[in-house]
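Q: Could you take me through how to read a structure like this one, feature by feature, beginning with a strand and its neighbours?

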Amino acid sequence: MKERLQKLISRSGLMSRRQAEVKIRQGLVSIDGRIAQLGESADPALEEVRVEGAQLQFDSHTLTLILNKPTGYICTMNDPQNRRLASDLLPKELGRLYPVGRLDYNTEGLLLLTNDGELAQHLTHPSHQVTKTYLVKVRGWLDDAGRNKLETGVPLDDGLTAPATVSAVRRSGKNCWFELTLGEGRNRQVRRMCDAIGLSVIRLKRIALGDLHLGELETGKFRVLQATELLRLKKNAGL
Ligand code: URA
């Protein structure tokens, strides 16, 4: 059934009608690949409606998005210390969305938020965990011995870490950057692994979750997952 575009977009949970009107006026909404005009209607069952490239999700009441979390935000739904919450960066119209897994207050990057309880549960269950890739900046140099420890397993107080992958190691003055891909997700795992090999983390950013990449998403901004990304994520999570 055809419906006014701004009504359709707000019904998808992405933003309010008023915000949708602004996006339409800015030429950021498309129907089947052509730029839509204010006043148009579309049928989501027959036509592909996209806002800033992201396809609207109409087939269910669930919503899943990624946020590029800045440092200085926490990933719980409330905080006794009144610190800023990652969910404060999302429009209220989206309703309650829960962070899947945590990023520390001082960690930035890809945070998945969803109201799909089944997806969240599968993604955090140890038997289905998808890989997580971090861009890590440490003081000092990651030498071959350190790299080998990160890749084969570091003894932490909650046990030996699972095999991990290190790539793209590069020097930057007295510091060094590298990418670290983990198949598990323990509390403060990257910082603790680096501490254990004598390197202190000075910047930490999650850049990928499975094959879902942060890409060019600006800090503090979010985007709804495209249908294909959601399908792949569900498949990776064993759904
Ligand atoms: N590892 C950490 O140390 N911190 C995070 O926020 C995520 C992974």
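A: Let us begin with strand pairing, keeping in mind that this is a predicted model. Strand β7 and strand β9 (residues 108-114) pair in the antiparallel sense, with six bridges between them, and within that pairing L65 stands opposite L113 of β9. β7 is also joined by three bridges to strand β17 (residues 222-224), again running antiparallel, and there the bridge partner of L65 is V224.

Q: Which residues of β7 point one way, and which the other way?

A: In a regular strand, side chains alternate between the two faces of the sheet. In β7, T64, I66 and N68 point one way while L65, L67 and K69 point the other way, and all of them are buried. Because six of the six residues of β7 (residues 64-69) are buried, the strand is largely enclosed by the rest of the structure.

Q: What is the strand order in the open sheet of four strands?

A: The order is β3-β2-β5-β6, with antiparallel pairing. β3 (34-35) and β6 (54-55) stand at the edges with a single partner strand each, so one side of each is left without a neighbour in the sheet. Strand β2 (residues 29-31) is joined to β3 by two antiparallel bridges, and I31 has R34 as its bridge partner in β3.

Q: How should I read a helix, and which residues of α5 are buried?

A: An α-helix has 3.6 residues a turn, so residues three or four places apart point the same way. In α5 the buried residues are Q189, V190, R191, R192, M193 and C194. Since these make up six of the eight residues of the helix (residues 189-196), α5 is largely enclosed by the rest of the structure. The cover over its buried residues includes β10 (132-139), α4 (144-152), β11 (155-156), β14 (175-182) and β15 (201-209). After α5 comes G198, whose phi is positive, near 85°.

Q: Is R232 buried, partly exposed or exposed?

A: R232, which is found in helix α6 (residues 227-236), has a relative accessible area of 39% and is therefore partly exposed, a class that lies between the buried limit of 20% and the exposed limit of 50%. R232 and G210 are 22 residues apart in sequence, and their C-alpha atoms are 9.1 Å apart in space.

Q: Which residues surround the ligand, and what polar contacts can be read there?

A: The surrounding residues are L103, D104, T107, Y134, R188, Q189, V190, R191 and L204. A polar side-chain atom of T107 lies 2.9 Å from an oxygen atom of the ligand, and a polar backbone atom of R188 is 3.3 Å from an oxygen atom of the ligand. For V190, a backbone N or O atom lies 3.1 Å from a nitrogen atom of the ligand.

Q: Which members of the largest nonpolar core touch the most other members?

A: Of its 46 residues, those members are L5, I9, V136, L150, F178 and L180. β14 contributes the largest share of this core, four residues. A second, separate core has 16 residues, including L110, L123, L212 and L225.

Q: Finally, how is the chain divided into domains?

A: The division is into domain 1 (3-55), domain 2 (64-127 + 215-236) and domain 3 (132-209). Taken over C-alpha atoms, the centres of domain 1 and domain 3 are separated by 42 Å.

Technical notes: Residues numbered from 1 in each chain as written. Predicted model: local features only at pLDDT ≥ 70, side-chain atom pairs only at ≥ 80, totals over all residues. Heavy atoms only, no water. Buried < 20%, exposed > 50% of the residue type's maximum accessible area, 1.4 Å probe, protein only. Pairing = 2+ DSSP bridges. Domains from an automatic or database assignment. Contact = heavy atoms within 4.5 Å. Core = buried A, V, L, I, M, F, W, Y, C linked by side-chain atoms within 4.5 Å. Near = heavy atom within 4 Å. Polar contact = N/O pair within 3.5 Å; in protein donor to acceptor, adjacent residues only side chain to side chain.
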